[in-house]
Amino acid sequence: MSASTAAQVALSPFTDEAADFVLQSSDGVAYHVWRAILGKGSSIFRYMLEDPQLPSRTAFNDHSTHNKRIVHVTEESKLLRAFLQCLYPGSRPDVDISDLVALYRAGEKYHAEAVKELVFD
């Protein structure tokens with residue numbers, strides 16, 4: 001996706017413009033998320049949120065717009081949505097059995113125990 005192309009907005013519950021952080025999938029879908037939820041569910045994101053310089057030293061590509069930090073991740077929107085649904089209270093991912101391995105790997109990558117546990121649930 002080119003820098004001049006606007007990101008697509010994810011489906012609910014990741015559309016809240018009041019959210020304080022944006023994760024953008026590799027296929028250009030923007031997920032408006034809350035730092036507190038993201039940091040509680042993933043030690044990698046918690047560390048990244050505490051250290052604003054971390055993305056420039058890792059594979060993350062980030063920038064800020066409108067006082068909201070946007071981090072581009074390598075996961076496609078379908079996988080990122082399922083990952084975030086594992087972290088959000090009251091959400092449960094709707095994934096195909098063929099996607100479980102990729103979801104588990106994302107849980108490992110971001111050190112998100114709840115994601116890994118839900119894969120085996």
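Buried, as used here, means under 20% relative accessible area. With that in hand, helix H4 is a good place to start: nine of its 11 residues are buried, so by that cut-off the helix is mostly covered. Keep in mind that this is a predicted model.

**The chain as a whole**

The chain has six helices and five strands. Read from the N terminus, the order of elements is β-β-β-α-α-α-β-β-α-α-α. Of the 121 residues, 42% count as buried. If you look at contacts between residues at least 6 apart in sequence, 47% of them join residues at least 24 apart.

**Helix H4 and what surrounds it**

Which residues of H4 are buried? They are Ser77, Leu79, Leu80, Ala82, Phe83, Leu84, Gln85, Cys86 and Leu87. These buried residues pack against strands E2 and E3 (29–33), and also against helices H1 (35–41), H2, H5 and H6.

H5 deserves a closer look. The axes of H4 (residues 77–87) and H5 (residues 100–109) come within 10 Å and cross at roughly 60 degrees. That angle makes H4 oblique to H5, and the crossing is right-handed. On the H4 side, the residues involved are Leu79, Ala82, Phe83 and Cys86, and they meet Ala102, Leu103, Ala106 and Gly107 of H5. Sorted by type, the contact comes out as seven nonpolar residues, one polar and no charged.

**Aromatic pairs**

There are six aromatic pairs in the structure. Here are two of them, side by side.

| Pair | Geometry | Centre to centre | Angle between planes |
|---|---|---|---|
| Phe14 and Tyr88 | edge-to-face | 5.0 Å | 80 degrees |
| Phe45 and Phe83 | tilted | 6.5 Å | 55 degrees |

What does the pair of phenylalanine 14 and tyrosine 88 tie together? Phenylalanine 14 sits in the loop between strand E1 (8–9) and strand E2 (21–24), while tyrosine 88 sits in the loop between H4 and H5, so the pair connects parts that are 74 residues apart in sequence. Phenylalanine 14 counts as buried because its relative accessibility is 0%. Tyrosine 88 is at 10%, so that residue counts as buried too. Ring pairs also bring in Tyr31, linking Phe14, Tyr31 and Tyr88 into a cluster.

The pair of phenylalanine 45 and phenylalanine 83 is the tilted one in the table. This pair also links distant parts of the chain, with phenylalanine 45 in helix H2 (residues 43–50) and phenylalanine 83 in helix H4, 38 residues apart. Relative accessibility is 0% for phenylalanine 45, so this ring's residue is buried. Phenylalanine 83 comes in at 1% and is therefore buried as well. You have met Phe83 already, as one of the H4 residues that meet H5.

**Alanine 112, tucked in beside H4**

Alanine 112 lies in the loop between H5 and H6. Is alanine 112 buried or exposed? Its relative accessible area is 0%, so alanine 112 is buried. Setting aside neighbours within four places in sequence, alanine 112 is in contact with Gly41, Ser42, Phe83, Leu87 and Gly107. Two of those names, Phe83 and Leu87, are on the list of buried H4 residues. Alanine 112 and leucine 87 are 25 residues apart in sequence, yet their C-alpha atoms are 8.2 Å apart in space.

**Backbone details in the loops**

Histidine 111 is in that loop between H5 and helix H6 (113–119) as well. What stands out about its backbone? Histidine 111 has a positive phi of about 50 degrees, although it is not a glycine. With a relative accessible area of 43%, histidine 111 is partly exposed.

The loop between E1 and E2 has a feature of its own. Proline 13 lies there, and a cis peptide bond joins serine 12 to proline 13, with omega at about 10 degrees. Phenylalanine 14, from the edge-to-face pair, is in this loop too.

**Ahead of the first strand**

Alanine 7 is found in the segment before E1. Its relative accessible area is 30%, so alanine 7 is partly exposed. The C-alpha atoms of alanine 7 and tyrosine 31 are separated by 9.7 Å, and the two residues are 24 apart along the chain. Tyr31 is the residue that shares the ring cluster with Phe14 and Tyr88.

Definitions and conventions
Residues are numbered from 1 along each chain as its sequence is written. This is a predicted model: local features need pLDDT of at least 70, side-chain atom pairs count only at pLDDT 80 or more; totals for chains, interfaces and linings use all residues. Side-chain values use heavy atoms; hydrogens and water are left out. Axes are lines fitted to C-alpha atoms, for helices over the stretch in contact, and angles run from 0 to 180 degrees between N-to-C directions. Helices (H or I, at least four residues) and strands (E, at least two) are DSSP runs, numbered from the N terminus. Angles under 35 degrees count as roughly parallel, over 145 as roughly antiparallel, 65 to 115 as roughly perpendicular and the rest as oblique. A crossing is left-handed if the near helix is turned anticlockwise from the far one by less than a right angle, and right-handed if clockwise. Contact means heavy atoms within 4.5 Å. Ala, Val, Leu, Ile, Met, Phe, Trp, Tyr, Cys and Pro count as nonpolar, Asp, Glu, Lys and Arg as charged, and the others, Gly among them, as polar. Rings of Phe, Tyr and Trp (its six-membered ring) pair if their centres lie within 6.5 Å; planes under 30 degrees apart count as stacked, over 60 as edge-to-face and the rest as tilted. Buried means under 20% relative accessible area, exposed over 50%, partly exposed in between (1.4 Å probe, protein chains only).
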